[in-house]
Amino acid sequence: MSKIIPKLGLGDLTDTGLGEYAQDKIGRINAAPAFAAVNPSTATVQTKKDDYEAAVVKADEGTKADTVLKNKIRNELQEL
């Protein structure tokens, strides 16, 4: 069966906004026992969010390669 991926409009969020959005969702899921077995796990999302925020900082005054990496990680986070 195909995976259903909702269109959430995350592409419109700023780099900082996406990190804040992801952290909010992680907190809400962790606070609700009904979502204890959510897939992907909140630990997976947290790790990807942390990777993304580190890439944002590095790309801020980094090279074009740093920006490409940031965009790649952003896309991966949006797909989770």
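The following questions and answers examine a predicted model of one protein chain.

Reader: How many helices and how many strands are there in the chain?
Author: Read along the sequence, the chain follows the pattern α-α-α. The C-alpha atoms fill a box of roughly 45 × 30 × 20 Å along the principal axes. The count is 3 helices and 0 strands.

Reader: In which helix is confidence highest?
Author: The chain averages a pLDDT of 86, and 90% of the residues score at least 70. Confidence is lowest in α1, where the mean is 88. At a mean of 94, the helix with the highest confidence is α3.

Reader: Which elements give two or more residues to the largest nonpolar core?
Author: The largest nonpolar core has 9 residues: Leu10, Leu18, Ala22, Ile26, Val45, Tyr52, Ala55, Ile73 and Leu77. The elements that supply two or more of these residues are α1, α2 and α3. In soluble globular proteins, nonpolar side chains tend to be buried together. The elements asked for are thus α1, α2 and α3.

Reader: With which residues is leucine 77 in contact, leaving aside its neighbours within four places in sequence?
Author: Leucine 77 belongs to the largest nonpolar core, and it is one of the buried residues of α3. With neighbours within four places in sequence left aside, its contacts are Leu18, Ala22, Val45, Lys48, Lys49 and Tyr52.

Reader: Is lysine 49 buried or exposed?
Author: Lysine 49 has its place in helix α2, which comprises residues 42-60. Not counting residues up to four places away in sequence, it touches Gly19, Ala22, Gln23, Ile26 and Leu77. A residue counts as buried under 20% relative accessible area. Because its relative accessible area is 5%, lysine 49 is buried.

Reader: Why does arginine 74 count as buried?
Author: Arginine 74 lies in helix α3, residues 64-79. Apart from neighbours within four places in sequence, it is in contact with Leu10, Gly11, Leu13, Thr14, Asp15, Leu18 and Tyr52. The cut-off for a buried residue is under 20% relative accessible area. Arginine 74 counts as buried because its relative accessibility is 9%.

Reader: How far apart are the end C-alpha atoms of α3?
Author: Helix α3 has 16 residues, and the calculation uses 1.5 Å a residue. The helix should therefore span 22 Å. The distance in the model agrees with this expectation, the end C-alpha atoms being apart by 23 Å.

Reader: Within what arc do the buried residues of α3 fall?
Author: The buried residues of α3 are Asp66, Lys70, Ile73, Arg74 and Leu77. What covers them includes α1 and α2, whereas the face turned away from the buried side carries the exposed residues Lys64, Ala65 and Val68. Seen down the helix axis, the buried residues line one face of α3, because they fall within an arc of 110 degrees.

Reader: At the start of α3, which residue's backbone nitrogen does a side-chain oxygen of threonine 63 reach?
Author: The side-chain oxygen of threonine 63 comes to within 3.3 Å of a backbone nitrogen at the start of α3. That nitrogen belongs to alanine 65.

Reader: Is the peptide bond from asparagine 39 to proline 40 cis or trans?
Author: Proline 40 is found in the loop between α1 and α2. The peptide bond that leads to it from asparagine 39 has omega near 5 degrees. The bond is cis.

Terms used. Residues numbered from 1 in each chain as written. Predicted model: local features only at pLDDT ≥ 70, side-chain atom pairs only at ≥ 80, totals over all residues. Heavy atoms only, no water. Helix = DSSP H or I, 4+ residues; strand = E, 2+ residues; numbered from the N terminus. Buried < 20%, exposed > 50% of the residue type's maximum accessible area, 1.4 Å probe, protein only. Contact = heavy atoms within 4.5 Å. Core = buried A, V, L, I, M, F, W, Y, C linked by side-chain atoms within 4.5 Å. Expected span 1.5 Å × (residues − 1). Arc of directions from axis to C-beta. Polar contact = N/O pair within 3.5 Å; in protein donor to acceptor, adjacent residues only side chain to side chain. pLDDT = per-residue confidence, 0-100.
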